[in-house]
Every structure is written in structure tokens, then in C-alpha cells.
Amino acid sequence: MINSGALAGRTIFISGASRGIGEAIAVKCARDGANVAIAAKTAEPHPKLPGTIYTVAEKIEEAGGKALPCLVDIRDENAVKKAVSETVDTFGGIDICINNASAISLTGTAETPMKRFDLMMGINTRGTYCVTQACLPYLKKSSHAHVLNNSPPLNMKPIWFKNHVAYTMAKYGMSMCVLGMAEEFRPYKIGVNAIWPATPIATAAVDMLGGDEMLRSSRNVNIMADAAYAMLCRDPSMFTANFCIDEEIVIEEGVTDLDQ
């Protein structure tokens with residue numbers, strides 16, 4: 001999907017963007033000339049997972065944007081506040097908050113240690129709340145303010161819970177932030193929405209979870225980046241409280257080739 005330039009000069013604070021979907025969204029927005037603060041905890045190369053905040057910063061600059069790599073564990077409130085302050089000091093404000101950071105364990109109740117439960121709740125639900133809260137004073141000052149969470153539609157059918165109840169609870173916590181904050185922030189004309197893929201997305205996390213078989217049935221990260229970009233270009237005073245699926249958004253934007 002071709003960039004329109006709508007996000008030129010806008011400042012984006014994105015969590016969990018050292019690789020995968022977050023990286024793809026960050027680079028897509030950077031092609032407009034956006035400023036992007038990358039809040040993630042990977043500063044050194046991981047033996048199994050590609051990418052760091054610094055490699056993504058380089059890609060953002062190469063794409064035409066300005067980058068600020070921030071070493072942050074979003075479970076640490078003080079670290080989040082420090083990164084937000086650095087972003088505002090560097091770029092003058094924050095227009096868009098993207099909550100992409102997530103922890104995943106597709107395990108049942110007996111197989112999910114409390115340490116893993118706490119990790120998912122701490123990053124997915126609490127981290128999303130913390131990052132949004134820290135960005136909020138600056139979003140209120142923006143003329144084009146968005147919050148975008150990488151989280152699923154709220155579907156209460158047991159099939160989405162039974163095999164991995166802890167993970168679903170943690171991701172639904174992110175979606176409940178969308179549901180509540182969209183209404184809470186509506187008077188400030190801040191759009192709050194969620195994006196979720198229709199199929200698995202070919203990332204390092206998917207490779208670790210499902211291997212080659214899952215990767216073969218996965219789409220490229222670009223479909224999520226294109227969908228997120230399209231959503232962030234829309235008028236936040238009108239486009240809010242939506243739980244969007246990536247393919248539906250890009251089809252609305254005129255994309256016909258989904259076999260990526």
C-alpha cells in the first residue's frame with residue numbers, strides 16, 4: 001500500500017518494535033517522515049531472535065523518518081515515563097501511541113507457571129495501560145491523536161479461552177483498554193482502536209511457536225503494517241472504538257492482492 005504522507009512530522013511512541021510487526025509498523029510510518037520512538041528491551045542481539053532497538057532505528061532513518069531508540073521494559077513505570085519524557089524532549093510531543101509489546105504462551109492452566117502468567121499480564125495488560133497513561137497528557141495536546149493496540153476483538157466464546165486462558169485474558173486486557181479508553185478519551189478527540197491479524201503473521205515468535213508449518217500458513221508482516229498505517233491516517237475524532245482485522249482494512253483501502 002502506497003504511503004500518503006499523512007503522518008509527516010507526527011511523533012509515534014511504539015512499544016515492542018525491535019522486530020516483527022512492531023518494526024514493520026514503525027518503518028511504514030517512517031516512510032511518511034514520521035518521528036518514531038522505539039520503546040523495547042532488546043539492546044543486544046538475541047541468539048534466536050533478530051533485531052534490536054538500534055537496528056530498527058537505522059531502518060527508520062533509512063526510510064526517511066527520525067528515530068529515538070529507548071531501552072524500556074514496559075513493566076517498569078519509571079522507565080516508561082523516562083522514555084516518554086525523552087520522546088517529548090526530542091520531538092516536542094507525542095501524537096500516536098502504539099501498544100505492540102506482548103508476551104505469549106499458548107498453554108493451558110496446569111502448564112502455565114505463575115511467573116509466565118505474571119509476565120503476560122505485566123506486559124500485555126498492565127504495560128499497555130502504563131504506556132497509554134504516560135502518553136496521554138501529550139496525546140491530549142495533539143491535533144491528530146491515536147492509540148492503537150495490537151489486540152483481538154472481544155469475543156466471549158469459550159473456544160478462544162479453553163486452550164490458553166492466561167494468554168487470552170492478558171490480550172483481552174489490552175482490548176478492554178480500547179473499549180474503555182475510546183469512550184473516556186472521546187472528548188479529547190483521541191482515537192483508540194485495535195488491530196488484529198486474520199491469519200498468523202510470519203514473525204520470529206510464530207516461528208518459535210509453530211515452526212515451518214505455521215510459517216507456511218502465515219502472511220507477511222507488511223499486511224499488519226499497511227493496515228495499522230491506514231488506521232492511523234484516519235480522522236481520530238471520527239474513527240475510534242473499532243476492533244479491526246488487518247485484511248478488512250487493507251481491502252477498504254483498495255488492496256486486492258492479499259497473498260503475501
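# A guided tour, loop to core

Select Ala241: this residue sits in the loop between H7 and strand S7 (243-245). You are looking at a predicted model. Ala241 is partly exposed, with a relative accessible area of 31%. Now check its backbone. Phi of Ala241 is near 65°, a positive value in a residue other than glycine.

**Stop two: another loop**

Go to Lys189. Look for Lys189 in the loop between H5 and S6. Is Lys189 buried or exposed? Lys189 is exposed, because its relative accessible area is 57% and exposed means over 50%. Its phi angle is near 60°, again a positive value in a residue other than glycine.

**Stop three: a tryptophan on a strand**

Select Trp196 next. Trp196 belongs to strand S6, which covers residues 190-196. With a relative accessible area of 22%, Trp196 is partly exposed. Which residues touch Trp196, leaving aside its neighbours within four places in sequence? Show Asn150, Ser151, Pro152 and Pro153. Add Tyr167, Lys171 and Met224. Finish with Cys244, Ile245 and Asp246. Now turn on Lys82 as well. Trp196 and Lys82 are 114 residues apart in sequence and 29 Å apart in space, C-alpha to C-alpha.

**Stop four: helices H4 and H5**

Colour helix H4 (residues 114-139) and helix H5 (residues 165-184). Two packed helices are described by the angle between their axes and the distance between the axes. Here the axes of H4 and H5 come within 8 Å and cross at roughly 10°. That angle makes H4 roughly parallel to H5, because angles under 35 degrees count as roughly parallel. The crossing of H4 past H5 is right-handed.

Now show the side chains at this contact. From H4, pick Phe117, Met120, Met121, Asn124, Thr125, Thr128, Tyr129 and Thr132. From H5, pick Ala166, Tyr167, Met169, Ala170, Lys171, Gly173, Met174, Cys177 and Met181. How many residues of each class make the contact of H4 with H5? There are eleven nonpolar, five polar and one charged residues.

**Stop five: zoom in on Thr132**

Stay on helix H4, where Thr132 has its place. Thr132 counts as buried, because its relative accessibility is 1% and buried means under 20%. Where does its side chain reach? The side chain of Thr132 reaches the backbone oxygen of Thr128 at 2.7 Å. Leave aside neighbours within four places in sequence, and Thr132 is in contact with Cys97, Asn99, Val147, Met181 and Phe185. Met181 is also one of the H5 residues you picked at the previous stop.

**Stop six: helix H1**

Move to helix H1, residues 20-30. Ten of the eleven residues of H1 are buried, so this helix is largely enclosed by the rest of the structure. Select the buried ones: Ile21, Gly22, Glu23, Ala24, Ile25, Ala26, Val27, Lys28, Cys29 and Ala30.

What do the buried residues of H1 pack against? Show strand S1 (11-15), strand S2 (35-40), strand S4 (96-99) and strand S5 (145-150). Then add helix H2 (53-63) and helix H7 (222-233).

**Stop seven: H1 beside H2**

Keep H1 and H2 on screen. H1 and H2 pack at an angle of about 25°, with their axes 8 Å apart. That makes H1 roughly parallel to H2. Their crossing is right-handed. On the H1 side, select Glu23, Ala26, Val27 and Ala30. On the H2 side, select Val56, Lys59, Ile60 and Ala63. An α-helix has 3.6 residues a turn, so residues three or four places apart point the same way. By class, the contact of H1 with H2 has six nonpolar, no polar and two charged residues.

**Last stop: a buried lysine**

Finish on Lys28, which lies in helix H1. Lys28 is buried, with a relative accessible area of 3%. What does its side chain meet? A polar contact of 3.2 Å joins the side chains of Lys28 and Asp226.

Now show what else surrounds this residue. Leaving aside neighbours within four places in sequence, Lys28 is in contact with Met1, Ile2, Asn3, Ala225, Asp226 and Tyr229. One more selection: Ala63. Lys28 and Ala63 are 35 residues apart in sequence and 8.0 Å apart in space, C-alpha to C-alpha.

Terms used
Residues are numbered from 1 along each chain as its sequence is written. This is a predicted model: local features need pLDDT of at least 70, side-chain atom pairs count only at pLDDT 80 or more; totals for chains, interfaces and linings use all residues. Side-chain values use heavy atoms; hydrogens and water are left out. Helices (H or I, at least four residues) and strands (E, at least two) are DSSP runs, numbered from the N terminus. Buried means under 20% relative accessible area, exposed over 50%, partly exposed in between (1.4 Å probe, protein chains only). Contact means heavy atoms within 4.5 Å. A polar contact is a pair of N or O atoms within 3.5 Å; within protein, one must be able to donate a hydrogen and the other to accept it, and residues adjacent in sequence count only if both atoms are side-chain atoms. Axes are lines fitted to C-alpha atoms, for helices over the stretch in contact, and angles run from 0 to 180 degrees between N-to-C directions. Angles under 35 degrees count as roughly parallel, over 145 as roughly antiparallel, 65 to 115 as roughly perpendicular and the rest as oblique. A crossing is left-handed if the near helix is turned anticlockwise from the far one by less than a right angle, and right-handed if clockwise. Ala, Val, Leu, Ile, Met, Phe, Trp, Tyr, Cys and Pro count as nonpolar, Asp, Glu, Lys and Arg as charged, and the others, Gly among them, as polar.
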